[in-house]
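Please work through the exercises below with the sequence and the structure in view. Each task is followed by a solution in steps.

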Amino acid sequence: MPKYIALLRGINVGGNNIIPMTQLKKAFEQRGFINVLTYINSGNLIFESDIDEEITIKTACEELITDHFGFSIPVGIITNTELAEALANAPAWWNCGADSKHNAIFVIPPLTAAEACAKVGETKPEHEQVSFFGKVIFWSAPLATFSHTRWSKIVRNKAMYNCLTIRNANTTLKLAELAPS
């Protein structure tokens with residue numbers, strides 16, 4: 001049975017779109033998802049489903065949020081296999097160096113990683129490193145110059161920002177550990 005990771009965008013941030021993880025887990029179980037596991041309060045779920053089409057899973061998750069919690073948010077879906085493959089192809093510089101932020105930016109279709117990178121434009125190599133594999137954009141930037149990066153400014157482009165959800169390297173690696181392929 002396929003194993004999925006749902007990455008809910010923009011919940012439990014700044015007092016907005018509050019969803020208790022226990023209620024979220026219960027709602028997913030009631031919807032028929034199997035072996036549901038939540039990880040930290042930022043909207044990460046791992047589950048199994050006999051549905052084998054990601055767009056159908058994505059739609060079901062988004063409808064579930066609207067129906068149970070009364071607001072609409074984008075949900076990124078990645079299989080455990082896709083995540084493991086992306087991490088196996090992560091650039092050597094990603095998640096290296098305590099003086100830098102290391103993030104995984106998950107692209108929510110219909111946007112692709114290549115399109116997102118093209119829209120952000122050429123990076124500033126002195127301030128950031130960016131690479132992608134599949135639905136995952138790997139991004140690292142020194143803390144000292146973080147505010148000078150192109151990728152730190154994506155929040156200004158609401159249309160694109162709503163098609164992305166960001167997790168730090170530690171969370172991304174833990175999700176892969178909790179959902180082995």
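The exercises that follow concern one sheet and the helices on it.

This is a predicted model, in which local features need pLDDT of at least 70 and side-chain atom pairs count only at pLDDT 80 or more, while totals for chains, interfaces and linings use all residues. Residues are numbered from 1 along each chain as its sequence is written, and side-chain values use heavy atoms, with hydrogens and water left out.

**Exercise 1.** Determine the order of the strands in the open sheet that contains E7.

Solution. Begin with the terms: strands (E, at least two residues) and helices (H or I, at least four) are DSSP runs numbered from the N terminus, and two strands pair if DSSP finds at least two bridges between them. Next, strand E5 (residues 100-107) pairs with E7 in the antiparallel sense over seven bridges, and His102 has Ser140 as its bridge partner there. On E6 (residues 129-133), five bridges lead to E7, again antiparallel, with Gln129 opposite Ser140 and Ser131 opposite Phe138. The order of the four strands is therefore E6-E7-E5-E8, given that strands pair if DSSP finds at least two bridges between them. The edge strands, E6 and E8 (164-168), each pair on one side only.

**Exercise 2.** Is strand E7 mostly covered or uncovered?

Solution. Taking buried as under 20% relative accessible area (1.4 Å probe, protein chains only), six of the seven residues of E7 (136-142) are buried, and the strand is mostly covered.

**Exercise 3.** Identify which strands helix H4 lies across.

Solution. Helix H4 (residues 113-120) lies across E5, E6, E7 and E8.

Definitions and conventions
Buried < 20%, exposed > 50% of the residue type's maximum accessible area, 1.4 Å probe, protein only. Contact = heavy atoms within 4.5 Å. Axes fitted to C-alpha atoms, helices over the stretch in contact; angles between N-to-C directions.
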